[in-house]
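Visitor: Could you pick one hairpin region of this model and look at it closely, then place it within the rest of the chain? Please give the cut-offs as you go.

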Amino acid sequence: MSARTSSTKGSNHVQPILKKARLGTDASRPLKKAVAVALPSTTSKKTTETALGKSKGKEHASVSEPKLKPKKKSTETVSDPSSSTSLPTSFKIICGSYEKLLYGLEGNVSLEGLNYSFHIKPIFIFPAHVSCIKSVAASPQGGKWLATGSADEIIKVWDLRRRKEIGGLMHHEGSITHLEFPSRSHLLSASEDGTLALFRARDWAVLRTLKGHKGRINSVAVHQSCKVALSVGKDRTLRMWDLMRGKGSASTKLGKEGELVRWSTDGTIFAVQAQNTIDIYSTEMELLHSITHPSRLNDIRFCKRTDGEGELLLAGGEDKKLSVYDVPKDHTKVPSIIANMIGHTNRVKAVDTIQIALPEGANRPSTTLVCTISSDGFIRLYDLAALPISSTEKLGLEPVTHYDTKGTRLTCVAFADGEVDAKSTAYGKRKRDGDEGGEGSEADSENEWTPHAQHGVEDGSGEEEEDSDEDE
C-alpha cells in the first residue's frame, strides 16, 4: 500500500496548505517500497540509501534486497546529549487538542546575572484536522518535520522551518494512535487498524507495513539503536519488531491492555503502563517490577537526571500532578517517587522532555525541561535542575512558566529543537531540504503560516491574561 496525499480545504480561520512536496499526488503511480529496513540513529545519506534499498529508476512496486558490501566495524554513535554544545538554545512546543486545534509555542532562555529564566509565546494556533488530534511528533536533532495524527485517519506532515503544510499521508484505515520519528529521515506510525507503518521522509514512501496485532495499537516505542521497536494494543499483547528485517521477532501476553510502552534512555529496560500500573521489563521481556501508582495514569516517560547519575521516570495522571520516580541503576531495586511537579488543576494528559543549552555565563551549561499539558487548558514548563541529587522527603516542584489556552482540552504534546549553538558539531552537517524531503529553500519565506495574527494571539505568554482568546 502506498501513502496518498490529501489537501485540507481549511476552515474560515486559517488556510495552512500552501505548497505540496512530492508526496505521490498521482494515485495511479505507486510509491516505492523497500524490502529491507534499517534505521541507524545517526547515519549519512549514502548509508541510509543503501540500507533502505534505494531505487534509481521510475517508481517500482518493490525493490529486491541489495547485496551489501562487507564493511568495517561501525563507528557511528548517538550524539551525547550531555554535551551542552550539541544542544539547542531554544525550543518549540507543539500541542494537539480535542477541538482540532494545533498549538505552536516558541521558547527561549534569558540570563540575569548567573540566573536564567524561560519564556514561551505562541507562534501559531489553527485547526489542523477535521477531527480531534491524537498524536504529534517532531523529527529529532534539529530536523524540520512535524507530524500530526488524528481520528480522521490522516497523518499530516508539516515543515516547521518554513511553516508550511506538506500534505497528508492516508495509509491507515483507522484513527492514528501514535507517531514517532526514530530518526530525522523516518516516521513510524500506529493506528486503530492494527498496523504499524514506516515512512521515509525524503519522499514519504511507505517502506514497510508491520502486521501482527489483532485490533487497535495503543503505543509504539523505538529502541535508541533504531533496530528494534515495541508495541502494545487492545489484544493485550506486547510485541517486539525487528526493523532491520521488517517483521515481528517476539511477543508475549500481558493479561491486560497496555496503554503505553516506553524505553529507558539507555535502552536497558522498558516500561508498560496500563491504568494505574507500571510494569518494568528487561530487554529479554522479563518482568522486573510492577508498580501501583496512586491514581490512574495517562502518560509516562523516562529521562536522565540533570544533576548526578541515574534515571527518572515521569508519570502523569488523574491526580493532577506529575510524579517523579527515581529509577536505580540496580534494576533489582524498585523505583520510588521522590518528587511531584505541581500546578495543574485537572488531570495531566501528556508529558515530554528536552535538553537545552543555557547561555554562556549561567550557573550551569545545560538543563532538562519538562512540559506537561492538562485538561485544565494549561501548558506548564518545569526545570529538572530544581531536583536535588538526593532528598529525604518528597519535593513539590513548581513550574517555571506556563501558557493558558483558555480552556482548550489538550491531548498530546511534543518538543521540537529550536536554534542550535553555532559551535555545535554533534549533529554533523545539516542536510539540504531535498535530502529530508520537500521542495524549496530555506530562503523561501513567501506564504508562511501567520495563523497567530489571524487568531489574535498575543506575544505574551508566561502569565495568565485577563482577555479571553477565541480558540475556535
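**Strand E13 and its surroundings**

Guide: Strand E12 (residues 217-222) and E13 run antiparallel and are joined by 5 bridges; two strands count as paired if DSSP finds at least two bridges between them. Strands here are DSSP runs of E with at least two residues, helices are runs of H or I with at least four, and both are numbered from the N terminus. The model is predicted, so local features need pLDDT of at least 70 and side-chain atom pairs count only at pLDDT 80 or more, while totals for chains, interfaces and linings use all residues. Residues are numbered from 1 along each chain as its sequence is written, and side-chain values use heavy atoms, with hydrogens and water left out.

Within the first pairing, Ala221 has Leu230 of E13 as its bridge partner. The hairpin of E12 and E13 has 5 residues between the strands, and in it Cys226 takes a positive phi near 65°. E13 also pairs with strand E14 (residues 237-242), again in the antiparallel sense and over 5 bridges. There, Ala229 is bridged to Trp241 of E14. The hairpin of E13 and E14 has 3 residues between the strands, with Arg236 at a positive phi near 65°. Most residues other than glycine have a negative phi.

How enclosed is E13? Of the 6 residues of E13 (residues 228-233), 5 are buried, so the strand is largely enclosed by the rest of the structure. Buried means under 20% relative accessible area, exposed means over 50%, and partly exposed lies in between, with a 1.4 Å probe and protein chains only.

Just before E12, a salt bridge starts from the adjoining loop. Arg216 pairs with Glu257, with the closest N and O atoms 2.6 Å apart; a salt bridge requires a side-chain nitrogen of Lys or Arg within 4 Å of a carboxyl oxygen of Asp or Glu. Glu257 lies in the loop between strand E15 (247-253) and strand E16 (260-263), and Arg216 in the loop between strand E11 (205-211) and E12, so the contact ties together parts that are 41 residues apart in sequence. Glu257 is partly exposed at 26%, and Arg216 is partly exposed at 24%. Elsewhere, salt bridges that share partners join Lys144, Asp159 and Arg162 into one network.

In that network, Asp159 and Arg162 meet at 3.0 Å, N to O. Both residues are buried, Asp159 with a relative accessible area of 0% and Arg162 with 2%. Another salt bridge links Glu165 and Lys156, whose closest N and O atoms are 3.8 Å apart. Glu165 is buried at 0%, and Lys156 is buried at 2%. A search of the whole structure finds 17 salt bridges.

Positive phi also turns up in other strand-to-strand loops. Met285, with phi near 65°, sits between strand E18 (277-282) and strand E19 (287-292) and is buried at 16%. Lys320, with phi of about 70°, sits between strand E21 (311-317) and strand E22 (322-327) and is partly exposed at 40%.

For wider context, the largest nonpolar core has 26 residues, of which Phe91, Ile93, Ile379 and Leu381 touch the most other members. Such a core is a set of buried Ala, Val, Leu, Ile, Met, Phe, Trp, Tyr and Cys residues joined through side-chain atoms within 4.5 Å. Strands that each supply at least two residues include E1 (90-97), E26 (378-383) and E29 (410-417). A second, separate core of 16 residues includes Trp145, Leu179, Phe181 and Leu187.

The whole structure has 7 aromatic pairs; rings of Phe, Tyr and Trp (its six-membered ring) pair if their centres lie within 6.5 Å, with planes under 30 degrees apart counted as stacked, over 60 as edge-to-face and the rest as tilted. Phe91 and Phe415 form an edge-to-face pair, 5.7 Å centre to centre with 80° between the planes. This pair links Phe91 in strand E1 with Phe415 in strand E29, 324 residues apart. Phe91 is buried at 1%, as is Phe415 at 7%. The rings of Phe126 and Trp158 have centres 5.3 Å apart and planes at 65°, so they too are edge-to-face. Phe124, Phe126 and Trp158 are linked into a cluster by ring pairs.
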